[in-house]
Structure formats: structure tokens, C-alpha cells
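User: I keep meeting labels such as "buried" and "salt bridge". Please show me how each label is earned.

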Amino acid sequence: MLLAIDTSSVSLSCALSEKDRLISEWTVVRKLTHSEQLLPPLDMMMKEAGVGRQDITAIAASCGPGSFTGLRIGLATVKMIAYIWKIPLIAVNTLEALAWNMAGSQAFICPMTDAQKGHVYTAIYGAFDHI
């Protein structure tokens, strides 16, 4: 089972999935920092789903772009969990993950996230089949 965590923005998201099936997800948007709110929702989500640490076979985490502090907190946390649980850690590009929502669309995809102060993080991807 995969544990996925995203701390790249003001919202904090955690999810559990197995074989392309979403088991549980949790999104928190509070004024607390990710360091104050990451572990309690993660623990609660796993308990509510009836999932123990022995069920987790890998962790996926957003690696940016995004909030430097949020990413630093999230990556340090999942790195510690992966080390202690002896499971692989998979880095996921935030913009590329957003672009995958449009896979197969036969179009250019331009995901954007808020970079604060009137700026955005963005990239352009092509979702075209090669002939």
C-alpha cells in the first residue's frame, strides 16, 4: 500500500492507495504550520482506514515546486518515516502530478500553483500520443 503526502502548498494532503484504488484521503487547510499538523491527520487517517505501518510498502511525497518551508517539513518527515519503517521513498514533482490529471487529453497541459506575492509555479507538458 502506498502512503502519499503533499506539503507543497498551504493545504496538507495525505492519501492511502493500493493497486490504483484510493483507500483513504485527508486534506487539512489551517493556519497551523505543516510541522504542527502533519502527523496527527496522518495517524488519524491510517487508524480510520484500519491500516497499520506494516501495510505501507512505500511513501510518495511532493518534492516541489512549492512552499520551501512546507516541502522541507514534509520531506524531512517522510524521509524519517521511510528510514524507520525501512520502505522506499518516491519523490513526486508537484506540477507533473497535476498534469497527470489530464493524461490522454491530446493537448498541451499547463498546471499552475500559487507561489505567493502574485507569482505562480508553472510548467508546460504535452499529452500527445506518438505516431
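Analyst: Start with a definition. A disulfide is a pair of cysteine sulfur atoms within 2.5 Å. This structure, which is a predicted model, holds zero disulfides.

User: How do you know that C63 is in no disulfide?

Analyst: Look at the sulfur distance. The nearest cysteine sulfur to that of C63 belongs to C14, and it is 17 Å away. The cut-off is 2.5 Å. C63 therefore fails the test and is in no disulfide.

User: And how do you know that C110 is in no disulfide?

Analyst: For C110, the nearest cysteine sulfur is that of C63, 18 Å away. A disulfide needs the two sulfurs within 2.5 Å, so C110 is in no disulfide.

User: What makes C63 and C110 "partly exposed"?

Analyst: Buried means under 20% relative accessible area, and exposed means over 50%. C63 has 37%. C110 has 41%. Both values fall in between, so both residues are partly exposed.

User: Why is the pair D43 and K47 called a salt bridge?

Analyst: Side chains of opposite charge can pair when their charged atoms come close. The test asks for a side-chain nitrogen of Lys or Arg within 4 Å of a carboxyl oxygen of Asp or Glu. In D43 and K47, the closest N and O atoms are 3.1 Å apart. That is within 4 Å, so the pair is a salt bridge. The structure holds one salt bridge.

User: Where do D43 and K47 lie?

Analyst: Both are in helix α2. They are four residues apart, about one turn of the helix.

User: Is each of these two partners buried, partly exposed or exposed, and how do you know?

Analyst: D43 has a relative accessible area of 39%. That lies between 20% and 50%, so D43 is partly exposed. K47 has 60%. That is over 50%, so K47 counts as exposed.

User: What makes S8 buried?

Analyst: The relative accessible area of S8 is 8%. Buried means under 20%, so S8 qualifies. S8 is found in the loop between β1 and β2. Leaving out residues up to four places away in sequence, S8 touches S62, P65, G66, S67, L71 and T94.

User: Why is the link between S8 and D6 called a polar contact?

Analyst: The side chains of S8 and D6 are joined at 2.7 Å. A polar contact is a pair of N or O atoms within 3.5 Å, one able to donate a hydrogen and the other to accept it. The distance of 2.7 Å is within that limit, so the label fits.

User: P65 appeared among the contacts of S8. Which kind of peptide bond joins G64 and P65?

Analyst: A cis peptide bond, with omega about 5°. P65 is found in the loop between β4 and α3.

User: How do you know that S24 counts as buried?

Analyst: S24 has 16% relative accessibility. That is under 20%, so S24 counts as buried. S24 sits in strand β3. Beyond four places in sequence, S24 touches C14, A15, L16, M45 and A49.

User: L16 is on that list. Where else does L16 turn up?

Analyst: In the largest nonpolar core, which has 18 residues. L3, I5, L16, L42, I56 and I59 touch the most other members. The elements that give two or more residues to this core are β1, β2, α2, β4 and α3. Apart from neighbours within four places in sequence, the contacts of L16 include L3, I23, M45 and V51.

User: What is unusual to spot at Q106 and K117, and is each partly exposed or exposed?

Analyst: Q106 has a positive phi of about 55°, although it is not a glycine. K117 also has a positive phi of about 55° and is not a glycine. Q106 has a relative accessible area of 40%, between the two limits, so Q106 is partly exposed. K117 has 81%, which is over 50%, so K117 is exposed.

User: Last one. What makes the protein chain as compact as a globular protein of its length?

Analyst: The chain has four helices and nine strands. Its radius of gyration is 16 Å. The globule rule gives 14 Å for 131 residues. The two values are close, so the chain is as compact as a globular protein of that length.

Notes: Residues are numbered from 1 along each chain as its sequence is written. This is a predicted model: local features need pLDDT of at least 70, side-chain atom pairs count only at pLDDT 80 or more; totals for chains, interfaces and linings use all residues. Side-chain values use heavy atoms; hydrogens and water are left out. A nonpolar core is a set of buried Ala, Val, Leu, Ile, Met, Phe, Trp, Tyr and Cys residues joined through side-chain atoms within 4.5 Å. Buried means under 20% relative accessible area, exposed over 50%, partly exposed in between (1.4 Å probe, protein chains only). Contact means heavy atoms within 4.5 Å. The radius of gyration is taken over C-alpha atoms; the globule rule is 2.2 Å times the number of residues to the power 0.38.
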